[in-house]
Amino acid sequence: MTVRNSRLDQTGPRQRFRLLAAALVAAATLSLGGCGDTFTQVYQRGYIPPEGALEQVPLGATQDQVLIVLGTPSTVATVSGEVFYYISSRTEQTSFLPEKTVDQRVVAVYFDKNRRVQRIANYGLQDGKIFDYVTRTTPTSGQELSYLTYVFKVFGK
């Protein structure tokens with residue numbers, strides 16, 4: 001048994017064309033309607049320190065205390081004294097465009113020979129240069145800066 005739409009049977013070819021054109025315009029309007037609104041997706045990767053976590057790590061704290069408060073570091077350096085590095089990056093992607101790095105941070109916890117916190121640095125990129133947000137300084141050339149430059153290049157992609 002075939003069911004036919006009697007209303008379409010009564011319309012002529014011209015009216016069917018108009019209905020089809022109206023349906024196509026409606027579909028195009030609905031599909032392109034979202035283009036005016038920008039859809040931005042934010043991606044957070046790596047270590048995100050909880051609010052106030054760095055303040056809970058005083059100078060002189062042990063490595064175990066740091067591990068309890070901050071957790072396992074992203075990487076550890078043992079070349080010239082031990083350092084825990086906590087690495088994170090935040091990127092945004094708008095619609096179909098490629099991801100753009102918005103913020104990149106490396107929290108470095110430096111220990112002395114007795115494995116106690118000597119200093120804490122919160123490195124990020126400011127105006128394209130590595131910058132310590134704790135001391136408000138840019139590190140000078142040397143072993144530390146070359147390692148941080150490597151970390152920002154590798155994990156920034």
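Begin the tour at Ser95, which is placed in the loop between S3 and S4. The model on display is a predicted one, and residues are numbered from 1 along the chain as its sequence is written.

**First stop: the S3–S4 hairpin**

With Ser95 selected, examine its backbone. Its phi is positive, at about 50 degrees, although Ser95 is not a glycine. The hairpin of S3 and S4 to which this serine belongs has 5 residues between the strands. Is Ser95 buried or exposed, or does it fall in between? Its relative accessibility is 38%, so Ser95 counts as partly exposed.

**Second stop: the overall layout**

Now zoom out and colour the model by secondary structure. The protein has 4 helices and 6 strands. Followed from the N terminus, the elements run α-α-β-α-β-β-β-β-β-α. Of its 157 residues, 25% count as buried.

**Third stop: the paired strands**

Select S3, residues 83-94, together with S4, residues 100-111. These two strands run antiparallel and are joined by 10 bridges. To see one of the partnerships, pick Arg90, whose bridge partner in S4 is Asp103.

Next, add S1, residues 40-46. S1 and S3 are also antiparallel, with 7 bridges joining them. Here Gln41 can be selected, with Gln93 of S3 standing opposite.

Then add the strand S2, residues 75-77. Which residue of S3 stands opposite Thr75? It is Tyr85. S2 and S3 pair over 3 bridges, in the antiparallel sense.

**Fourth stop: the aromatic pairs**

Display the side chains of the aromatic residues. A search of the whole structure finds 2 aromatic pairs. One of them is formed by Tyr47 and Tyr86, with ring centres 4.7 Å apart and planes at 45 degrees, a tilted arrangement. Tyr47 belongs to the loop between strand S1 and helix H3 (63-70), while Tyr86 belongs to strand S3, so this pair ties together parts that are 39 residues apart in sequence. Both tyrosines can be checked for burial. Tyr47 has a relative accessible area of 14%, which means that it is buried. Tyr86 is buried too, with a relative accessible area of 1%.

Move to Phe84 and Phe111 for another aromatic pair, this one edge-to-face, at 4.8 Å centre to centre and with 70 degrees between the planes. Why does this pair tie together parts that are 27 residues apart in sequence? Phe84 lies in strand S3 and Phe111 in strand S4, and the pair therefore links those parts of the chain. Phe84 and Phe111 are both buried.

**Fifth stop: an arginine over a ring**

Select Tyr110 and Arg119. Arg119 lies over the face of the Tyr110 ring, at 4.2 Å from the ring centre.

**Sixth stop: the S4–S5 loop and strand S5**

Arg115 is found in the loop between S4 and S5. Like the serine at the start of the tour, this arginine is worth a look at its backbone. Phi of Arg115 is near 60 degrees, a positive value in a residue other than glycine. Its relative accessible area is 48%, so Arg115 is partly exposed.

Continue into strand S5, residues 117-126, and select Gly124 there. Gly124 has 0% relative accessibility and therefore counts as buried. Add Ser88 to the selection and draw a line between the two C-alpha atoms. Gly124 and Ser88 are 9.7 Å apart in space, and 36 residues apart in sequence.

**Last stop: the largest pocket**

Switch on a surface. Rolling a probe the size of a water molecule over the atoms shows where empty space is left. The largest pocket has a volume of about 310 Å³. Which residues are closest to its centre? They are Pro49, Pro50, Leu54, Arg105 and Asn122, out of the 15 residues that line the pocket.

The strands visited earlier return here. S3 and S4 each supply at least two residues of the lining of the largest pocket. S4 gives the most to this lining, with 3 residues. Colour the lining by residue class to finish: 6 residues are nonpolar, 4 are polar and 5 are charged.

Key. This is a predicted model: local features need pLDDT of at least 70, side-chain atom pairs count only at pLDDT 80 or more; totals for chains, interfaces and linings use all residues. Side-chain values use heavy atoms; hydrogens and water are left out. Rings of Phe, Tyr and Trp (its six-membered ring) pair if their centres lie within 6.5 Å; planes under 30 degrees apart count as stacked, over 60 as edge-to-face and the rest as tilted. Buried means under 20% relative accessible area, exposed over 50%, partly exposed in between (1.4 Å probe, protein chains only). A charge sits over a ring if NZ of Lys or CZ of Arg is within 6 Å of the ring centre and within 35 degrees of the ring normal. On a 1 Å grid over the protein atoms alone, a cavity is a set of points where a 1.4 Å probe fits but cannot get out, and a pocket is an open set with protein on both sides within 12 Å along at least five of seven lines; lining residues have an atom within 4 Å of a point. Grid points are joined across faces, edges and corners, and a volume is the space filled by probe spheres set on the points. Ala, Val, Leu, Ile, Met, Phe, Trp, Tyr, Cys and Pro count as nonpolar, Asp, Glu, Lys and Arg as charged, and the others, Gly among them, as polar. Two strands pair if DSSP finds at least two bridges between them.
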